[in-house]
Structure formats: C-alpha cells, structure tokens
Amino acid sequence: MNIRPSLHVSLNLLLTLLICSRILYAARQCASVVDRAAVRTYTNLAAIVVESALPYTAFGLAYLVTFARESQTSILFLSLHVMFCVSV
C-alpha cells in the first residue's frame, strides 16, 4: 500500500485538530474579557473549520479502509476524495 494517502489524510486530520484547539483556546482566554456573543464567534469559527474538513477527511479514511481491504469500492471513495482535493 502506498503510504502517501495515509500521510495525506492523517496530516489533514492532525492540522484540523490543532487549528480547532487553538481557536477554542483563544475563545476560552477571551471569555473573561469579552461578552458571550464574541466567544460564540470563536466557537462558530471552529465549527466551520471542522465542517469544511469533515467530508475531505471522511472520504480519505473511507478510501484507505476500502483500499486496505482490497474492495472495489475504494475506486468510488478515491474519486470522491480527489474531487474534494481539487475543489479545495
């Protein structure tokens, strides 16, 4: 199995988690200074980051699992994963 898709998906997942954790950390730090509406902006921003990375990561994981099991369905998930790579 080629290691490149595995690294691609895992790096995307790791970076998404790091970005979201940093945004939520900043929201917690600002909570004592600003009002609740401003903190909600930070949590909404974290939700947008997660939602935008979710299909990309989900199709990548589905491709890796089906490819490892040598299923013909891996072609479908690879096609969907590539479409998200190109559109992003």
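Q: What makes a stretch of this predicted model a helix, and where is Val49 placed?
A: A helix is a DSSP run of H or I that covers at least four residues, and helices are numbered from the N terminus. The place of Val49 is in helix α2.

Q: Why is Val49 called buried or exposed?
A: Buried means under 20% relative accessible area. Val49 has a relative accessibility of 19%, so Val49 counts as buried.

Q: What does Val49 touch, leaving out residues up to four places away in sequence?
A: Val49 touches Thr16, Ile19, Cys20 and Ile23. The C-alpha atoms of Val49 and Thr16 are separated by 7.2 Å, although these residues are 33 apart along the chain.

Q: How many helices and strands does the protein chain have, and how do the elements run?
A: The protein chain has three helices and zero strands. From the N terminus on, the order is α-α-α.

Q: What makes the protein chain more spread out than a compact globule?
A: The globule rule gives 12 Å for 88 residues, whereas the radius of gyration of the protein chain is 17 Å; this is well over the value of the rule, so the chain is more spread out than a compact globule. Taken along the principal axes, the box filled by the C-alpha atoms is roughly 55 × 20 × 20 Å.

Q: How do helices α1 and α2 pack, and why is α1 called roughly parallel or roughly antiparallel to α2?
A: Helix α1 (residues 3–30) and helix α2 (residues 36–68) pack at an angle of about 170 degrees, and their axes are 9 Å apart. Angles over 145 degrees count as roughly antiparallel, and therefore α1 is roughly antiparallel to α2. By class, the contact of these two helices has 21 nonpolar, seven polar and no charged residues.

Q: Why does Asn12 count as buried or exposed?
A: Asn12, which lies in helix α1, has a relative accessibility of 17%. Buried means under 20%, so Asn12 counts as buried. Not counting residues up to four places away in sequence, Asn12 touches Ala53, Tyr56 and Thr57.

Q: Why is Val50 called buried, exposed or partly exposed?
A: The place of Val50 is in helix α2. Partly exposed stands between buried, under 20%, and exposed, over 50%. The relative accessible area of Val50 is 40%, so Val50 is partly exposed. Val50 and Cys20 are 30 residues apart along the chain, and their C-alpha atoms are separated by 7.4 Å.

Q: What is the class of Tyr42, and which residues are in contact with Tyr42 beyond its neighbours within four places in sequence?
A: Tyr42 is found in helix α2. With a relative accessible area of 29%, Tyr42 is partly exposed. Beyond those neighbours, Tyr42 is in contact with Ile23, Ala26, Ala27 and Cys30. The C-alpha atoms of Tyr42 and Ala26 are separated by 7.7 Å, and these residues are 16 apart along the chain.

Q: Why is Glu70 called buried or exposed, and where does Glu70 lie?
A: Glu70 lies in the loop between α2 and α3 (74–87). Exposed means over 50% relative accessible area, and Glu70 has 72%, so Glu70 is exposed. Glu70 also has a positive phi of about 55 degrees although it is not a glycine.

Q: What share of the residues in the protein chain is buried, and what area does the chain expose?
A: Buried residues make up 22% of the 88 residues. The protein chain exposes about 6500 Å², of which carbon and sulfur atoms supply 67%.

Terms used:
Residues numbered from 1 in each chain as written. Predicted model: local features only at pLDDT ≥ 70, side-chain atom pairs only at ≥ 80, totals over all residues. Heavy atoms only, no water. Axes fitted to C-alpha atoms, helices over the stretch in contact; angles between N-to-C directions. Helix = DSSP H or I, 4+ residues; strand = E, 2+ residues; numbered from the N terminus. Parallel < 35°, antiparallel > 145°, perpendicular 65-115°, else oblique. Nonpolar A, V, L, I, M, F, W, Y, C, P; charged D, E, K, R; others polar. Rg over C-alpha atoms; globule rule 2.2 N^0.38 Å. Buried < 20%, exposed > 50% of the residue type's maximum accessible area, 1.4 Å probe, protein only. Areas by Shrake-Rupley, 256 points an atom, 1.4 Å probe, with all protein chains shown as cover. Contact = heavy atoms within 4.5 Å.
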